[in-house]
Structure formats: C-alpha cells, structure tokens
Amino acid sequence: MTELIICTTCRTADTPRDQKAAGEILFEAVQAEQALADHADWASVRVRGIACTAGCSRACTVALQAPGKHSYQFGDLVPSEATARQLLDCAALYHRTPDGKLARDARPPLLRNGLLCRLPPAGGQPHMRTVATSARANDLAFSAPEREAVYRAIFERRDMRHFAGGTVDPAVMRRLLMAAHHAPSVGYMQPWRFIRVASRALRADLKALVEQERERTAHALGERGNAFMRLKVEGLMDAAEVWVVALAEGRERHVFGRRTLPQMDLASVACAIQNMWLAARAEGLGMGWVSMFDPKAVAVRLGMPDGAEPVAMLCIGPVHCFYDEPMLEKERWSRRADIDTLLFEDVWGHAWGASSLPTPITDSIS
Ligand SMILES: Cc1cc2nc3c(=O)[nH]c(=O)nc-3n(C[C@H](O)[C@H](O)[C@H](O)COP(=O)(O)O)c2cc1C
C-alpha cells in the first residue's frame, strides 16, 4: 500500500495560531478529491494526516512511502485543489513504480520542485526480499541465497563506461568467456568469436572509429545531438581489457531456426554477451558494450574473413563503483518503461491478466 502522508500542522510563519493550518487544509482537500473523483488509480493511495513531520520551515510538507520503495518528502506546497489532485496523481504514479523512484520530469508539475529528500528503501531492494521470503517453487529450484545471487547479478549489472584501470586475472577472464560460450544459440550454431585487443595502438584506432561514429550519431539525432555528445559512451582507453565480439563467417549454412529469422544469429551472440555481463558483475568487474562503430572498418582493422561481422567492443575491468541505475537514466536521456505497458494477453495492446494498462512511456526514446 502506498501512503501519502500530509503534515496537518504545517503553517506559514504569518498564519495566526487560531486559524486552520495550511497542512490541514491540504489534507482535507486531498481527502475530498479522493472521495469525489472516480479515479481507480487514486484508490491505491492511503492518505494519512500526521501532526508535524518536522519540516516546519518548508510548509506545507508531504511524504510518499511504501514497503520496499524509496521514500520522498516534498515541501513548499500551497494548499489548493490543484495541489491535491497532483499529489494523488504523483502517489498513484509512485504506486505503479517497482522501486518508488520518480524522475523529476515524470512527476506532476507542482511536485517537480520542493523535493526535500529521497531515502532508499529500508533493508535493501524489494526484489531481494521477495526472493528471500518466497517459497521454492519446486525441488528443482535453487536455494533462497542462490536465487538471490542470480537476481542480484541481474539487477545490479550495469553497462559501465568508467573504469579504474588495473588488470583482469586471465583465469577470471577465461571464466567470463566460458560463461559466454555456455549461452543458448539458434540451432546450437555458436556464432560468437572473441578477439582480445592487446595492443594500445589498436585500442586507440578502435576508439577513433567509435569517435567518428559518435559524431555521425549526434548529427543523425538532430536536436538531441548536443545532449548526446555530452554522454560518455565508451571506456576503451581506461578498461583493463578490450574484447571485440563478432559473428562468425559462413552463417548462411545455418538455416535451423533462421530461415525466416536470420537475425537469430545476432540474438545468440547477444545471449553470450549477456552471460558475460552477468558473470563480470558477479566477479566485481564492470563491462560496457560499445556498438557505435562502422562494422566494415572494424572488420578490416582486425583482419576478419569475409562474412564475419563485429557487433561489440567490450570494455571489461575493475571499476571504482557500479552505477546504481542505468547511466542513461542518471543523465535523464531515457527511463525504464513501466513493465505493465509491455505485457499483453492474446492480442497486442490487451493488458496481461487483471492489471490495468497505464499510459505507456513514449518520450525520450531515440
Ligand atoms: C546491443 C547493445 C548495444 C549497446 N551499445 C552501447 C554503446 O555503443 N555505447 C554505450 O555507452 N552503451 C551501449 N549499450 C548500453 C546501453 O546503453 C545500456 O544497456 C542501457 O542504457 C541500460 O543500462 P544498463 O545496461 O546499465 O541497465 C548497449 C547495450 C546493448 C544491449
């Protein structure tokens, strides 16, 4: 249950004590809006009035909280019907998020400023607790700590672009490659090939190719080009290891599972890279996938046979820390879509199961 907590004793310094506090007016306005409106979304919100939440200098103050989610406190709110409605909208949005995180631009206008604090969920991320408390589905399931470790790698894996230099123990590197090599592949074709970039000069060449493509991408993005150029998109010169992953030559011979979907070879390589990504996270190593390059130029530079095609430059190595959310989210380039907008049943666009389909996120996607 999502709670919208409203401080009922909040009052501006010049409000006489015998007059109703602004916080109480706001609390009543929110209750009235919730009672009157036929708004299914708002029903998920429990509105609570609390006498003093110690944010007196920033009256009116409100807070949002729910088990396992980040909590928020907002201040400087003016009691009005508009504020009341936007508070309920914001609380409903908060209710739909998996972790409670509310990007500034996603919040209703009156809640974009006045954010006093955001606190992480008590006791860690919600998905971890779900695993710890959920029963094993059957005897074949991993133990709870093992399942937690799997989900931890999935949720804490990040595409890394900042590296701390250093080295990767060849035995660890081999484990990562072995993890990649145990990925599923269409018709078991194992179309992946890995080339280690050992020479600094070759790295610099590859970086120059990425730089060329970065500029072309910025141009193609039009008005978002400048914002794009501010993003860091690779860590080629700082990562301990750089590996190029390529599709092997002669793939046309493999028709099993590819007759109508020839791109399943690329899907298989992506599975291999994801295995490596997760294993690297478990080993405490960062990994970044760089795909901004002209594949023909890279193929020539690495002496690949005709038909082979590079699809990734992987930067791998020690990092100072892992980003706590995708960097493109941190940089406000894009944000994770609400999962319920992506799940259908029987017919495209028909929400899966009983869940109502909230408005899809369509902005910021390039
Ligand atoms: C196929 C593929 C290609 C990618 N290419 C690049 C790239 O060229 N440069 C970059 O900075 N990130 C690249 N990424 C990383 C994505 O930007 C990143 O996965 C996404 O922003 C989500 O962040 P997360 O991986 O930390 O969850 C690529 C990811 C994939 C799956």
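Here are a few worked exercises on a predicted model, going through its two domains piece by piece.

Before you start, residues count from 1 along each chain as its sequence is written, and side-chain values use heavy atoms, with hydrogens and water left out. As this is a predicted model, local features need pLDDT of at least 70 and side-chain atom pairs count only at pLDDT 80 or more, while totals for chains, interfaces and linings use all residues.

**Exercise 1. Find the domains and say how far apart their centres lie.**

Step 1. Take the bounds from the domain assignment of the protein chain: domain 1 covers 2–119 and domain 2 covers 154–330. Such bounds come from an automatic or database domain assignment.

Step 2. Now take the C-alpha centres of domain 1 and domain 2, which lie 44 Å apart.

**Exercise 2. Work out the strand order of the five-stranded sheet and name its edge strands.**

Step 1. Helices (H or I, at least four residues) and strands (E, at least two) are DSSP runs, numbered from the N terminus. Two strands pair if DSSP finds at least two bridges between them.

Step 2. Read across the sheet: the order is E2-E1-E3-E4-E5, the sheet is open, and the pairing is mixed. Strand E2 (45–50) and strand E5 (115–119) are the edges, each pairing on one side only.

Step 3. For the twist, neighbouring strands of this sheet are turned by 15° against each other on average, direction ignored. Axes here are lines fitted to C-alpha atoms, for helices over the stretch in contact, and angles run from 0 to 180 degrees between N-to-C directions.

Step 4. Check some pairs. E1 and E3 are antiparallel over four bridges, with isoleucine 6 partnered by valine 62 in E3. E3 and E4 are antiparallel over three bridges, and leucine 64 has tyrosine 72 of E4 as its bridge partner. Strand E4 (residues 71–74) and E5 are antiparallel over four bridges, where serine 71 stands opposite leucine 119 in E5.

Step 5. Look at the turn of the E3–E4 hairpin: five residues sit between the strands, and glycine 68 there has a positive phi of about 75°.

**Exercise 3. Which residues make the contact between H1 and H2, and at what angle do the axes cross?**

Step 1. The axes of H1 and H2 come within 8 Å and cross at roughly 65°.

Step 2. From H1 come Leu26, Ala29, Val30, Glu33 and Gln34, and from H2 come Glu81, Thr83, Ala84, Arg85, Leu87 and Leu88. Contact means heavy atoms within 4.5 Å.

Step 3. Sort the residues of this contact and you get six nonpolar, two polar and three charged. For the sorting, Ala, Val, Leu, Ile, Met, Phe, Trp, Tyr, Cys and Pro count as nonpolar, Asp, Glu, Lys and Arg as charged, and the others, Gly among them, as polar.

**Exercise 4. Describe the four-stranded sheet and the helices lying across its strands.**

Step 1. The strands run E6-E7-E9-E8 in an open sheet with antiparallel pairing. Strand E6 (192–196) and strand E8 (286–290) stand at the edges with a single partner strand each, so one side of each has no neighbour in the sheet.

Step 2. Neighbouring strands of this sheet are turned by 25° against each other on average, direction ignored.

Step 3. Go to E8 and strand E9 (residues 309–317), an antiparallel pair over five bridges; glycine 286 has glycine 317 in E9 as its bridge partner.

Step 4. Add the helices. Helix H6 (residues 200–220) lies across strand E7 (241–247), E8 and E9, at about 65° to E7. H8 lies across E6, E7, E8 and E9, at about 155° to E8.

**Exercise 5. How do the axes of H5 and H8 cross, and which residues make the contact?**

Step 1. The axes of helix H5 (residues 170–181) and helix H8 (residues 264–282) come within 7 Å and cross at roughly 140°.

Step 2. H5 and H8 are therefore oblique to each other: angles under 35 degrees count as roughly parallel, over 145 as roughly antiparallel, 65 to 115 as roughly perpendicular and the rest as oblique.

Step 3. H5 brings Met173, Leu176, Leu177, Ala179 and Ala180, while H8 brings Ala272, Asn275, Met276, Ala279 and Ala280. That contact divides into nine nonpolar, one polar and no charged residues.

**Exercise 6. Where do you find the cis peptide bond?**

Step 1. Go to alanine 59 and cysteine 60, which are joined by the cis peptide bond, with omega about -10°.

Step 2. Place cysteine 60 in the chain: this residue is in the loop between E2 and E3.
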